[in-house]
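User: Hi! I've got a structure open and would like to talk through how its pieces fit together. Mind if I fire some quick questions at you?

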Amino acid sequence: MSELTVVDLTRHRAGPVTSRLFADWGAAVIKIEEPTDRGDSMGGAREGFDYQNLHRNKLSLSVNLKTDEGQMILKRLVAKADIVLENFRPEVKFRLGVDYESLKAINPRIICGSISGFGQQGPCASRPAVDQIIQGVSGIMSLTGTPDTGPLRTGVAIADVSAGMNLAIAVLMALYQRELTGEGQWVTTSLLESTLAMMDFQVARWLHDGTPPQRMGNDHPTLMPTGVVKTLDGEINIAAAEDDKFSILCELLELGTLYKRPEYQDIHARSNNRVALMALIESVTKNYESDDLIFRLNDKGIPCGPVYDVGQAMSNPQLDALNMKCSVTHPRLGEMLLVGQPIQLGAYPAFDVVRQPAPEHGEHTRQLLTDLLAFTPEQVDSFEKSRCISLSDKKSVRSHDDVII
């Protein structure tokens with residue numbers, strides 16, 4: 001993606017997830033920041049783990065888009081860019097002149113990618129939103145937890161991250177379409193749409209028969225036995241819902257012909273009698289050590305695995321094989337470990353997706369204005385004097401060639 005230039009107007013989490021994907025795979029992602037360094041309220045301190053993970057590999061251009069000079073800089077940048085990303089509330093983009101029609105007038109090939117909380121149209125379009133609000137509105141909280149806990153949020157920002165990944169997919173499709181037509185387009189998603197799409201079969205079930213899904217805790221809503229059982233030294237996950245796998249499970253656990261009993265003879269019966277079934281299975285699994293039982297079941301083709309905390313999960317050697325822990329050197333913080341990319345490209349097996357820490361505020365402003373946008377040094381000084389831009393006093397950790405587009 002090294003030939004792509006992305007103007008990143010996004011904040012918080014959902015939009016930066018999109019721009020991070022493009023930055024990781026080599027696009028020149030220019031993060032637009034206000035001249036006053038206010039950080040990013042959802043990303044924490046600039047040198048904190050979250051900000052560094054969200055904004056690695058990006059370039060920082062500090063400019064005030066609410067000034068005439070800032071608009072001039074933006075227009076010159078859009079004229080050279082391929083993609084503009086924004087996640088303002090729908091009406092804000094028009095005030096800042098970053099709506100698609102305004103961008104298209106500058107560059108007909110531009111692809112504008114937008115994320116909002118509730119979508120670009122409809123009665124809720126202008127409402128403010130964050131991940132947890134959307135978790136409630138989408139219904140996903142109603143599915144999370146047990147019948148006794150009441151609704152619970154998921155332990156991750158599922159609305160934000162799914163929206164960010166969906167927008168990246170939409171932009172990639174628009175890039176392909178541009179190869180065919182030569183024209184850009186506006187692509188959008190929202191936290192609400194993306195979360196509903198993540199819920200998948202749970203929503204499809206309601207659309208089909210009007211039955212609201214219920215909170216099932218660790219049990220699968222329909223496929224049983226699938227859930228958590230206790231062992232001699234902890235807990236494990238077991239998934240043996242198919243008839244053949246269930247019969248093998250019964251054999252391995254010495255449960256006899258349990259699988260032939262009417263209340264357990266098929267998936268529907270097992271789901272209806274899930275409590276008694278899981279109790280029977282657990283009465284045996286609690287006598288096995290976790291590692292031993294996992295090995296026995298996996299050896300017979302039954303999905304089974306430990307229930308790790310995050311530290312245990314990240315210590316799994318499988319993640320080393322998948323490059324999900326990436327090291328980067330920060331000029332002051334030293335070596336940092338960041339989360340790797342979940343995507344592998346066969347044509348680039350050795351591509352280093354995490355190459356640079358998050359940029360300092362305005363770190364690349366002067367270089368981008370002079371080398372990319374062809375402003376004179378005198379113009380840049382004038383922009384700084386009028387406080388249209390901010391120039392970082394920190395030395396760039398990037399080479400000159402990394403910034404030229």
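User: Which residues of helix 1 and helix 8 meet each other?

Analyst: Happy to help, and a quick note before we start: this is a predicted model. On the helix 1 side, the residues are Ala14, Val17, Thr18, Leu21 and Phe22. They meet Asp160, Val161, Ala163, Gly164, Met165, Leu167, Ala168, Val171, Leu172 and Leu175 of helix 8.

User: And how does that contact divide into nonpolar, polar and charged?

Analyst: The contact of helix 1 with helix 8 has 12 nonpolar residues, 2 polar and 1 charged.

User: What about the geometry, at what angle do the axes of helix 1 and helix 8 cross?

Analyst: They cross at roughly 45°, and the axes come within 7 Å. Angles of 65 to 115 degrees count as roughly perpendicular and those under 35 as roughly parallel, so helix 1 and helix 8 are oblique to each other. The crossing is right-handed.

User: Nice. At what angle does helix 8 pack with helix 9?

Analyst: About 95°, with the axes of helix 8 (residues 158-181) and helix 9 (residues 191-199) 8 Å apart. That angle therefore makes the two helices roughly perpendicular to each other. Helix 8 contributes Ile158, Ala159, Asp160, Ser162, Ala163 and Asn166, while helix 9 brings Leu191, Ser194, Thr195 and Met198. By class, this contact has 5 nonpolar, 4 polar and 1 charged residues.

User: So which residues of helix 8 turn up in the contact with helix 9, and which in the one with helix 1?

Analyst: Asp160 and Ala163 are listed for helix 8 in its contact with helix 9, and Asp160 and Ala163 are also among the helix 8 residues that meet helix 1.

User: Let's jump further along. How do helix 17 and helix 18 cross?

Analyst: The axes of helix 17 (residues 365-372) and helix 18 (residues 377-385) come within 10 Å and cross at roughly 140°. Only angles over 145 degrees count as roughly antiparallel, so helix 17 is oblique to helix 18. This crossing is right-handed. Arg366, Leu369 and Thr370 of helix 17 make the contact with Pro377, Val380, Asp381, Phe383 and Glu384 of helix 18. These residues divide into 4 nonpolar, 1 polar and 3 charged.

User: Switching to strands: in what order do the 3 strands of the open sheet come?

Analyst: The order is 7-8-9, with antiparallel pairing. Strand 7 (226-231) and strand 9 (304-306) are the edges, each pairing on one side only. Neighbouring strands are turned by 30° against each other on average, direction ignored.

User: How many bridges join strand 7 to strand 8, and how many join strand 8 to strand 9?

Analyst: There are 6 bridges between strand 7 and strand 8 (residues 234-239), and 3 between strand 8 and strand 9. Strand 7 and strand 8 form a hairpin with 2 residues between them. Among the bridge partners, Thr231 goes with Gly234 and Val229 with Ile236. On the other side of strand 8, Ile238 has Cys304 of strand 9 as its partner.

User: Which helix lies across those strands?

Analyst: Helix 14 (residues 290-299) lies across strand 7, strand 8 and strand 9, running at about 10° to strand 8.

User: Now the backbone oddities. Which residues does the cis peptide bond join?

Analyst: Met224 and Pro225, with omega about 5°. Pro225 sits in the loop between helix 10 (201-209) and strand 7. For context, most peptide bonds are trans.

User: And which residues other than glycine have a positive phi?

Analyst: Asn323 is one of them, with a phi of about 55°; Arg387 is another, with phi near 65°. Asn323 lies in the loop between helix 16 (317-321) and strand 10 (325-330), and Arg387 in the loop between helix 18 and helix 19 (400-403).

User: Is Arg387 buried or exposed?

Analyst: Arg387 counts as exposed, at 68% relative accessibility. Asn323 has a relative accessible area of 47% and is partly exposed.

User: Last one: what does Met314 touch?

Analyst: Leaving out residues up to four places away in sequence, Met314 touches Leu319, Met324 and Lys325. Met314 and Met324 are 10 residues apart in sequence, and their C-alpha atoms are 8.4 Å apart. Met314 belongs to helix 15 (residues 310-314) and is partly exposed, with a relative accessible area of 29%.

Technical notes:
Residues are numbered from 1 along each chain as its sequence is written. This is a predicted model: local features need pLDDT of at least 70, side-chain atom pairs count only at pLDDT 80 or more; totals for chains, interfaces and linings use all residues. Side-chain values use heavy atoms; hydrogens and water are left out. Axes are lines fitted to C-alpha atoms, for helices over the stretch in contact, and angles run from 0 to 180 degrees between N-to-C directions. Helices (H or I, at least four residues) and strands (E, at least two) are DSSP runs, numbered from the N terminus. Contact means heavy atoms within 4.5 Å. Ala, Val, Leu, Ile, Met, Phe, Trp, Tyr, Cys and Pro count as nonpolar, Asp, Glu, Lys and Arg as charged, and the others, Gly among them, as polar. Two strands pair if DSSP finds at least two bridges between them. Buried means under 20% relative accessible area, exposed over 50%, partly exposed in between (1.4 Å probe, protein chains only). A crossing is left-handed if the near helix is turned anticlockwise from the far one by less than a right angle, and right-handed if clockwise.
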